[in-house]
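Me: I am new to this structure. Please take me through it by saying why each label applies.

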Amino acid sequence: MQAVQITRNGKPALPDSPISFSRKLNGGELFSARVDTLQVNVGKLCNQACKHCHVDASPARTEIMKRETIESCLRVLREFRIKTLDITGGAPELNPNFRYFVTEARNAGAQVLIRHNLTVIFEKDQEDLPDFFAASQAEVICSLPYFLEQQTDSQRGTGVFEKSVKALQKLNEVGYGTNEKLVLNLVYNPTGAFLPPSQTAIEADFKRELKTRYDISFNNLYTITNMPIARFLDWLRRSKNEESYMTRLVNAFNPSTLEGLMCRNLISVDWQGNLFDCDFNQMLELSLKEDLPQTIFDFSLEKLNSRQIATANHCFGCTAGAGSSCGGTVV
Amino acid sequence: MHYYNEEDLGRFGEIAKHKPELFEKFLAWYQACQEEGALSKREKALIGLAVAVTVQCPYCIDAFTNSCLENGSNMEQMTESIHLASAIRGGASLVHGIQSHNAHDKVSM
């Protein structure tokens, strides 16, 4: 079993918390239910370097999932009839085998979710992505932290908002957000050290503002809490917000979120094929428990269902308030 | 040395020490006032920020700024609420100028 990264820039890779997550569980443990989603991180390469990114993704990263690992993911999808493939990165579209992966997964009958950063459409050879997404009938989940430029660019980089708006308009043009078979969901992340608002309330704002200002339509907005690891943890420390943010998360701990946590229904795969309980554990190299299959190459659904989930203090990020998952709030 | 310490906001509960039943009543009232009702939680947070600036309480300003953000408000909306509170405060002073006019008129020929 791999250990949690001990340090990050000479400091602990996990945030300092006023109380440990295991203590909040009252000494209990967290167990998964049935795995219905394979979430595959196909690489850390990205055309952006967002301040809150838990992957530390950027244009400088070189970690990319190879074709044979993608083949193993496809074999698992087919053999175990896993309902959903959730493809993430980095910008997953920058993996040269991305389109093959999507196409074959759809041929295998899986629902395919693509975590899409919008601006990648403007990279070389990617301008036809909206058409490819539509032809595949993949569900597209796009990051847009706010409906205004200042907040979006402060988190994701100068010029990102303007490009994101153009990309959303292109997705609308091919039917995303309007054709019921082409689902377009957006993701809100707080642009700082605070919790997300009510998902219902902010979704209504996004729908009204994006329609009025840019004639953009979409299906659902997911609110996701910023995870206190990796680049966001660095920012918390630089801005002297680590203590107050962790206190906020701990004080907002909501035990009713535990049942719906995403780690209970998915398995996360890294670019080398290693398995984890979630994408956050993946980034911390917090492995599955020792007695479980460790890679996609020795995947066993029977062993991974009802497994004990590895937790640490970053898990307060998913259990605060209404909870947080790749599909938005939990309760 | 200054009188206001940021950490004291987190120690607010200590005020219950010598009179817990009164603090419990206050807290229940304070929290109930911020729940969703005829006004949304976001509207209430914006009102809270406006009042916080008006009473010039640094703890309240800190708390309600965060409350506004966690209810999805942006700085443009928050600044509008601050301006409204400040304008009312300014207007309240200004309208008392009529008292001065009245006093002047009373003693003047």
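Reply: Start with one term: buried means under 20% relative accessible area, exposed means over 50%, and partly exposed lies in between (1.4 Å probe, protein chains only). The model is predicted, so local features need pLDDT of at least 70 and side-chain atom pairs need 80 or more, while totals for chains, interfaces and linings use all residues. Residues count from 1 along each chain as written, chains are lettered from A and ligands numbered from 1 in written order, and side-chain values use heavy atoms without hydrogens or water.

Me: Why is A:Arg231 called buried or exposed?

Reply: The value for A:Arg231 is 18% relative accessibility. Buried means under 20%. Therefore A:Arg231 counts as buried.

Me: What makes A:Asp56 and A:Arg231 a salt bridge?

Reply: A salt bridge needs a side-chain nitrogen of Lys or Arg within 4 Å of a carboxyl oxygen of Asp or Glu. The side chains of A:Asp56 and A:Arg231 meet at 3.8 Å, N to O. So the pair meets the definition. A:Asp56 has 16% relative accessibility, so A:Asp56 counts as buried.

Me: Which parts does the pair of A:Asp56 and A:Arg231 tie together?

Reply: A:Asp56 lies in the loop between strand E3 (37–41) and helix H2 (67–80) of chain A. A:Arg231 lies in helix H8 (residues 230–238) of chain A. So the pair ties together parts 175 residues apart in sequence. Helices (H or I, at least four residues) and strands (E, at least two) are DSSP runs, numbered from the N terminus.

Me: How do you know that A:Asp205 and A:Arg208 form a salt bridge?

Reply: Their N to O distance is 3.2 Å. The limit is 4 Å, so the pair qualifies. Both residues lie in helix H7 (residues 199–214) of chain A, 3 residues apart, about one turn of the helix.

Me: Why do A:Asp205 and A:Arg208 get their accessibility labels?

Reply: A:Asp205 has a relative accessible area of 5%, so A:Asp205 is buried. A:Arg208 has 43%, so A:Arg208 counts as partly exposed.

Me: Which residues are linked in a network of salt bridges with A:Asp205 and A:Arg208?

Reply: A:Glu209, A:Arg213 and B:Arg42 are linked with them.

Me: What makes A:Arg307 and A:Asp277 a salt bridge?

Reply: Their closest N and O atoms are 2.6 Å apart. That is within 4 Å, so the label fits. A:Arg307 lies in the loop between helix H11 (301–304) and helix H12 (316–319) of chain A, and A:Asp277 in the loop between strand E10 (275–276) and helix H10 (279–284), so the pair ties together parts 30 residues apart in sequence. Both A:Arg307 and A:Asp277 are buried. Over all chains, the structure holds 22 salt bridges.

Me: How many residues are in contact between chain B and chain A?

Reply: Contact means heavy atoms within 4.5 Å. On that basis, 10 residues of chain B are in contact with 15 residues of chain A. B:Arg42, B:Glu70 and B:Asn74 lose the most area to chain A, together 60% of what the chain B side buries. The two chains bury about 790 Å² between them, 42% of it on carbon and sulfur atoms. Buried area is the accessible area (1.4 Å probe) that two parts lose on being put together, summed over both.

Me: How many salt bridges are there between chain B and chain A?

Reply: The count is 2. A:Arg248 forms a salt bridge with B:Glu70, with the closest N and O atoms 2.5 Å apart.

Me: Why does B:Asn71 count as buried or exposed?

Reply: B:Asn71 has 15% relative accessibility, so B:Asn71 counts as buried. B:Asn71 lies in the loop between H3 and H4 of chain B. Not counting residues up to four places away in sequence, B:Asn71 touches A:Pro197, B:Lys41, B:Arg42 and B:Ala45.

Me: Why does A:Asn172 count as buried or exposed?

Reply: A:Asn172 has 14% relative accessibility, so A:Asn172 counts as buried. A:Asn172 sits in helix H6 (residues 160–173) of chain A. The side chain of A:Asn172 reaches the backbone oxygen of A:Tyr176 at 2.7 Å.

Definitions and conventions. Polar contact = N/O pair within 3.5 Å; in protein donor to acceptor, adjacent residues only side chain to side chain.
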